[in-house]
Amino acid sequence: MSLRKLCFYTMLAAILAWAAARRLNHHSQEFDVPEANVGRNDPSFAASFLPKSEMRPADFFPVQSRNSKSLGAGKLLVASRNLGDPHFAETVILLARYDAQGVLGLILNRRTDVPLSRVLESPKAAKDRSDPVYLGGPLETPAVFALFQSPAGLEGAEHVFDSVYLIAAKPLFEQTISARPDPGVFHVYLGYAGWTQDQLRKEVGLGAWFIFPADASTVFKANPDSLWREMIRKTELQLARSELVNLDSRIRAGQFADLRYKR
């Protein structure tokens with residue numbers, strides 16, 4: 001076996017062993033995110049969110065990223081295995097707003113057993129809805145938001161990405177639910193997660209979150225309970241592939257040419 005191949009397979013074994021160790025130990029580790037200066041998921045931060053009629057289009061990144069520059073509306077935050085905050089452990093969050101006034105996200109995989117009919121007193125169309133509500137985040141839990149997939153667009157709603165819209169205003173919410181939308185493209189959330197841009201960038205920089213582009217099939221997944229596990233596996237596979245590509249590039253560049261066998 002050539003020295004180049006020997007180096008490659010040795011490093012491959014080390015990477016696989018590292019990944020296995022992380023999977024075994026993730027429950028015993030905690031990630032400590034520094035307490036925010038102002039407003040990180042603090043109820044006082046809720047007042048900064050006002051409905052907007054226009055949102056800038058989100059940039060599209062085809063693979064997961066750990067670069068805070070890729071943050072924006074229409075991105076998914078996937079919690080690191082080491083994120084110990086119980087509010088966000090093992091969560092997948094859609095960023096629905098991302099601007100100078102702050103960041104609003106909705107947790108996609110905290111589905112409850114409570115049907116819409118028990119949460120909403122109006123309109124009348126909600127009284128026979130058995131589809132469950134979701135816990136959108138720790139802030140303003142009485143507040144109601146909805147995500148709706150509408151290929152034709154939705155006047156008055158906030159465009160998040162592609163054909164997915166955020167409904168935050170009560171009149172539009174009642175109008176939409178009165179039209180009896182399919183539960184497969186209409187999810188209702190109580191509360192939300194909120195940051196300032198700087199706070200979220202700092203958390204990403206510390207390794208608390210991975211960033212993915214959003215797609216409708218993920219947002220409206222029929223079985224959201226498995227969503228985080230699927231997304232974190234994708235993250236780890238992409239990280240492993242990236243390490244292997246970097247290693248192969250270094251080998252090809254001759255960075256290990258000076259290695260010698262030792263007796």
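This report describes the fold, the buried cores, the aromatic pairs and several individual residues of one protein. The model is predicted.

**Overall architecture**

The protein has 263 residues, of which 46% count as buried. Its secondary structure comprises six helices and 10 strands. Among contacts with a separation of 6 or more, 70% are between residues 24 or more positions apart. The surface that the protein exposes amounts to about 14,400 Å², and carbon and sulfur atoms supply 53% of this area.

**The nonpolar cores**

In soluble globular proteins, nonpolar side chains tend to be buried together. In this model, the largest nonpolar core contains 45 residues. The members that touch the most other members are Leu77, Leu94, Leu108, Leu147, Trp195, Leu200 and Trp209. Strand β2, which covers residues 92-99, gives this core its largest share, namely six residues. A second core, separate from this one, has 16 residues, including Leu116, Ala126, Val133 and Ala157.

Leu108 illustrates how a core member is surrounded. When neighbours within four places in sequence are left aside, Leu108 is in contact with several residues, among them Leu76, Val92, Leu94, Tyr134, Leu147 and Tyr189. Thr218, Val219, Pro224 and Leu227 are also in contact with Leu108.

**Aromatic pairs**

A search of the whole structure finds seven aromatic pairs. A pair of aromatic rings is described by the distance of the centres and the angle of the planes. The table gives these two values for two of the pairs.

| Pair | Distance of ring centres | Angle of planes | Class |
|---|---|---|---|
| Tyr134 and Tyr189 | 5.3 Å | 40 degrees | tilted |
| Trp195 and Trp209 | 6.2 Å | 85 degrees | edge-to-face |

The tilted pair links distant parts of the chain: Tyr134 belongs to strand β5 (residues 132-135) and Tyr189 to strand β9, with their positions 55 residues apart. Both Tyr134 and Tyr189 are buried.

Why does the pair of Trp195 and Trp209 count as edge-to-face? The planes of the two rings stand at 85 degrees, and an angle over 60 degrees places a pair in this class. Trp195 lies in strand β9 and Trp209 in strand β10 (residues 209-213), 14 residues apart. Trp195 is buried because its relative accessibility is 0%, and Trp209 is likewise buried, at a relative accessible area of 1%. Ring pairs join both tryptophans, Trp195 and Trp209, with Phe88 in a cluster.

**A histidine in strand β9**

His187 lies in strand β9, which spans residues 186-195. Is His187 buried or exposed? Its relative accessibility is 8%, so His187 counts as buried. A polar atom of its side chain lies 3.4 Å from the backbone oxygen of Pro183. Not counting residues up to four places away in sequence, His187 touches Tyr134, Phe145, Ala146, Leu147, Val219, Phe220 and Lys221.

**Two residues in loops**

Ser70 is found in the loop between helix α1 (residues 3-25) and strand β1 (residues 75-79). This serine, Ser70, has a relative accessible area of 2% and is therefore buried. A polar atom of the Ser70 side chain lies 2.7 Å from the backbone oxygen of Asn67. Although Ser70 and Pro213 are 143 residues apart along the chain, their C-alpha atoms are separated by 9.2 Å.

Asp85 occupies the loop between β1 and β2. The relative accessibility of Asp85 is 19%, and the limit for a buried residue is under 20%, so Asp85 counts as buried. The side chain of Asp85 has a polar atom 2.9 Å from the backbone nitrogen of His87.

**A hairpin and positive phi angles**

Strands β7 (residues 158-161) and β8 (residues 164-167) pair in the antiparallel sense over three bridges. The bridge partner of His159 is Tyr165 in β8. Two residues lie between the strands of this hairpin, in which Asp162 has a positive phi near 45 degrees.

Positive phi values also occur at Glu140, where phi is near 50 degrees, and at Arg180, where phi is about 55 degrees. Glu140 lies in strand β6 (residues 139-149) and is partly exposed, with a relative accessible area of 36%. Arg180 is placed in the loop between α3 (residues 170-178) and β9. Neither Glu140 nor Arg180 is a glycine.

Definitions and conventions:
Residues are numbered from 1 along each chain as its sequence is written. This is a predicted model: local features need pLDDT of at least 70, side-chain atom pairs count only at pLDDT 80 or more; totals for chains, interfaces and linings use all residues. Side-chain values use heavy atoms; hydrogens and water are left out. Two strands pair if DSSP finds at least two bridges between them. Helices (H or I, at least four residues) and strands (E, at least two) are DSSP runs, numbered from the N terminus. Buried means under 20% relative accessible area, exposed over 50%, partly exposed in between (1.4 Å probe, protein chains only). A polar contact is a pair of N or O atoms within 3.5 Å; within protein, one must be able to donate a hydrogen and the other to accept it, and residues adjacent in sequence count only if both atoms are side-chain atoms. Contact means heavy atoms within 4.5 Å. Rings of Phe, Tyr and Trp (its six-membered ring) pair if their centres lie within 6.5 Å; planes under 30 degrees apart count as stacked, over 60 as edge-to-face and the rest as tilted. A nonpolar core is a set of buried Ala, Val, Leu, Ile, Met, Phe, Trp, Tyr and Cys residues joined through side-chain atoms within 4.5 Å. Accessible areas come from the Shrake-Rupley method with a 1.4 Å probe; for residues, only the protein chains shown count as cover.
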